[in-house]
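Reader: Before I use this model for anything, I would like to go through it with you. Please keep the answers short.

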Amino acid sequence: MEQGRFQPGTAGVIEEELLADETLWTDDDSDHSGWFCVRTNPFPCPALGCTFVADYMTAAHLILVWEQRDDPNLLRHAGRAKDVGRNPRITEYESSFGPSASYYAWEAAGGPVHGVRAP
Ligand SMILES: [Zn+2]
């Protein structure tokens, strides 16, 4: 009998694995030079215990990029960032900024983010 070997379903374990894994989610098609991202005031990752600080609009620590500067989703997210005082500036993305992810690939993947929000 192999019973008792695995203890699935403990949320604590899942969260620890998320925090330990630097690559939370990646967009395979990763060269987005010439796409557009949104630079913002620095803000910390909302996940509990995470020390990552973003200088761009990110998801799961990846800079979100849009192919068109006037993409309605880009403008909507930039507008929301402005509302909360993050001073968004739409900027042409360069690979030196850090790892990126297409907004639409991110959305298609179910919108993964890092861990859980701090209480
Ligand atoms: Zn994080």
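The questions below go from confidence to fold, core and single residues.

Reader: Where in the chain is confidence lowest, and where is it highest?
Author: This is a predicted model, and the chain averages a pLDDT of 81, with 73% of the residues scoring at least 70. Over residues 1-21 the pLDDT is below 50, and this stretch has 9 contacts in the model beyond near neighbours in sequence. Where pLDDT is low, the predicted coordinates should not be read in detail. By element, the lowest mean is 44, in helix H1 (residues 11-20), and the highest is 97, in strand E5 (residues 89-92).

Reader: In what order do the elements run from the N terminus on?
Author: The chain has 3 helices and 6 strands. From the N terminus on, the order is α-β-β-β-β-α-β-β-α.

Reader: Which strands stand at the edges of the sheet with antiparallel pairing, each with a single partner strand?
Author: This open sheet has 3 strands in the order E2-E1-E5. E1 is joined to strand E2 (residues 53-56) by 3 bridges, and E1 and E5 pair over 4 bridges. One side of each edge strand is left without a neighbour in the sheet, because each has a single partner strand; the edge strands are E2 and E5.

Reader: Which residue is the bridge partner of Val38 in E5?
Author: E1 and E5 run antiparallel. Within this pairing, Arg39 stands opposite Arg89 in E5. On the other side of E1, Phe43 stands opposite Ala54 in E2. For Val38, the bridge partner in E5 is Ile90.

Reader: What angle does the direction of H2 make with that of E1?
Author: In the sheet E2-E1-E5, neighbouring strands are turned by 45 degrees against each other on average, direction ignored. H2 packs on this sheet and touches E1 and E5; the angle between the directions of H2 and E1 is about 25 degrees.

Reader: What span should the 12 residues of H2 have, and how far apart are its end C-alpha atoms?
Author: The expected span uses 1.5 Å times one less than the number of residues. H2 is followed by Gly85, which has a positive phi near 80 degrees. For H2 the expected value agrees with the distance between the end C-alpha atoms, as both are 16 Å.

Reader: Which residue of E6 is the bridge partner of Leu64?
Author: An open sheet of 3 strands with mixed pairing has the order E3-E4-E6. Strand E3 (58-59) and strand E6 (100-102) are at its edges, so one side of each has no neighbour in the sheet. Strand E4 (residues 62-65) and E6 run parallel and are joined by 3 bridges. The partner of Leu64 in E6 is Ala101.

Reader: Which element gives the largest share of the largest nonpolar core?
Author: This core has 19 residues, and those touching the most other members are Phe36, Cys37, Ile63, Leu64 and Val65. Two or more residues each come from strand E1 (36-44), E4, helix H2 (72-83) and helix H3 (103-108). The largest share, 4 residues, comes from E4.

Reader: Which residues are in contact with Val65, leaving aside its neighbours within four places in sequence?
Author: Val65 is one of the core residues that touch the most other members. In the chain, among contacts between residues at least 6 apart in sequence, 76% join residues at least 24 apart. The contacts of Val65 are His32, Trp35, Phe36, Cys37, Tyr93, Ser100, Ser102 and Tyr103.

Reader: Is Arg69 buried or exposed?
Author: Arg69 has its place in the loop between E4 and H2. Leaving aside neighbours within four places in sequence, Arg69 is in contact with Phe36 and Ile90. Arg69 has 12 C-beta neighbours inside 10 Å, and a residue with 12 or fewer counts as exposed. Arg69 is therefore exposed.

Reader: Is Ala60 buried or exposed, and what of His61?
Author: Ala60 is in the loop between E3 and E4, and so is His61. Most residues other than glycine have a negative phi. Here phi is positive, near 50 degrees for Ala60 and near 70 degrees for His61. Ala60 has 23 other C-beta atoms within 10 Å and His61 has 20, so both are buried.

Conventions
Residues are numbered from 1 along each chain as its sequence is written. This is a predicted model: local features need pLDDT of at least 70, side-chain atom pairs count only at pLDDT 80 or more; totals for chains, interfaces and linings use all residues. Two strands pair if DSSP finds at least two bridges between them. Two residues are in contact if their C-beta atoms, placed from the backbone, lie within 7 Å. A nonpolar core is a set of buried Ala, Val, Leu, Ile, Met, Phe, Trp, Tyr and Cys residues joined through C-beta atoms within 7 Å. pLDDT is the predictor's confidence in each residue, from 0 to 100. Axes are lines fitted to C-alpha atoms, for helices over the stretch in contact, and angles run from 0 to 180 degrees between N-to-C directions.
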